Amino acid sequence: MKDKRIVVTGGLGFIGSNLVEGLVEDNEVIIIDDLSSGKLENIEHLKMENLNLIKGNITELNLKKIFKDVDYVFHEAALISVPESVENPLIYNEINVKGTLQLLIAARDAGVKKVVFASSSAVYGDNKSLPISEDASLRPLSPYAVNKATGEMYCQVFTENYDLPTVSLRYFNVFGSRQDPNSAYAAVIPNFISAILKGEKPVIYGDGEQSRDFIPVKQVVKANIQACQSNETGVFNIALGKSTTINQLWDIIKEFMGTDVEPVYMEPRPGDVRHSLADVSRAKSIGFKPKSDFKEDLGETVEWFTSKFK
Ligand SMILES: NC(=O)c1ccc[n+]([C@@H]2O[C@H](COP(=O)([O-])OP(=O)(O)OC[C@H]3O[C@@H](n4cnc5c(N)ncnc54)[C@H](O)[C@@H]3O)[C@@H](O)[C@H]2O)c1
């Protein structure tokens, strides 16, 4: 992608800042972010001439004005904690559903060429037909998952009713640089790495035999750009299509970091899905062929966190 004018909402966050990094060399990028979980340091290393930052809440800004002459919108901004969404469903609805709807209306009215929406494998809930394909029934188990399913449906409805091309990408478990290990809801990989760096014992919920389909953030960036450039619309799983148990993950990280610390096993968390694995065949149509040496990518992530910790 080259010489385009692009908006990335949530561009100061983990995935958003990696996406901005992948776009800013050859395009003009406008970030919209309210800094609720995003950080300015996530974009400090980037070429600033091509980059504009609009600080504010997507539900309060005049998005139509911002989207004037914008080619593409990548919508990453969201509240992302499942347990917090159970506590505060109304706030989650306000930002994740109403915010997405307002964004779609503004994109339609401003003549944006395509919107790429960050959805989540959470929409499948405990659906056990694995590997799971996009045609499987949705069983959201939390307000967060309902928000993402609703966001996808609004995207689809805007494509059908108003000719606004949209794509929803159902990310599975994303990992990589700039993922926040200090959040109360940190994902398992930054949690493990930061526990070792702090000399603490990492916690594994349940017996550790639950499995996930992890995907490096660099591949998610690639999928976003491919989805935007393709003529396809609709929903796509974005994952490697490989299953890794939490115990296996721990063994790899432990080896990389040269530690013999043993994890603490605690009660499984309510609502945690036992296994998650994507069927990634549909994403071929947007040009996405998951390619990763999981261990190598994990090693890079460990190095990144270790260098930050010093
Ligand atoms: N990390 C994962 O494994 C994963 C998996 C599935 C889906 N997703 C989705 O990917 C997207 C990015 O997630 P992430 O992990 O980078 O999270 P993140 O919290 O690092 O990034 C979200 C960004 O959105 C910003 N934001 C939140 N509310 C906002 C608002 N009202 N207005 C403007 N900005 C706002 C935050 O400040 C932050 O910079 C989210 O939509 C999330 O639901 C992430």
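Colleague: Before we get to the core, what makes a set of residues a nonpolar core?

Modeller: A nonpolar core is a set of buried Ala, Val, Leu, Ile, Met, Phe, Trp, Tyr and Cys residues joined through C-beta atoms within 7 Å. Keep in mind that this is a predicted model. Its largest nonpolar core has 84 residues, and Val 73, Ala 107, Val 115, Leu 169, Val 220 and Ile 238 touch the most other members. Helix H7, residues 217-229, gives the most to this core, with seven residues.

Colleague: What is Val 115 in contact with, leaving aside its neighbours within four places in sequence?

Modeller: The partners are Val 73, His 75, Leu 104, Ala 107, Cys 155, Leu 164 and Thr 166. To count as a contact, two C-beta atoms have to lie within 7 Å.

Colleague: Why is Asp 3 called buried or exposed?

Modeller: The cut-off for exposed is 12 or fewer other C-beta atoms within 10 Å. Asp 3 has 8, so Asp 3 is exposed. Asp 3 sits in the segment before strand E1 (5-9), and its phi is near 55°, a positive value in a residue other than glycine.

Colleague: And why does Leu 35 count as partly exposed?

Modeller: Buried takes 20 or more neighbours and exposed takes 12 or fewer. Leu 35 has 13 C-beta neighbours inside 10 Å, so Leu 35 counts as partly exposed. You'll find Leu 35 in the loop between E2 and strand E3 (51-55), with phi near 60°, again positive in a residue other than glycine.

Colleague: How do you know which peptide bond is cis?

Modeller: Look at omega: from Leu 130 to Pro 131 omega is near -10°, and that bond is cis. Pro 131 lies in the loop between E5 and helix H5 (143-162).

Colleague: What makes the radius of gyration agree with a compact globule?

Modeller: For 310 residues the globule value is near 19 Å; the protein has 19 Å, so the two agree. Along its principal axes the C-alpha trace spans about 55 × 45 × 35 Å, and buried residues make up 43% of the 310 residues.

Colleague: Now the ligand: which residues are closest, and how many surround it?

Modeller: 30 residues surround the ligand, and the closest are Gly 10, Gly 13, Gly 38, Ala 78 and Val 174. Helix H1 gives the largest share of the shell, three residues. By type, the shell divides into 15 nonpolar, 12 polar and three charged residues. Gly goes with the polar ones in that split.

Notes: Residues numbered from 1 in each chain as written. Predicted model: local features only at pLDDT ≥ 70, side-chain atom pairs only at ≥ 80, totals over all residues. Near = placed C-beta within 6 Å. Helix = DSSP H or I, 4+ residues; strand = E, 2+ residues; numbered from the N terminus. Rg over C-alpha atoms; globule rule 2.2 N^0.38 Å.
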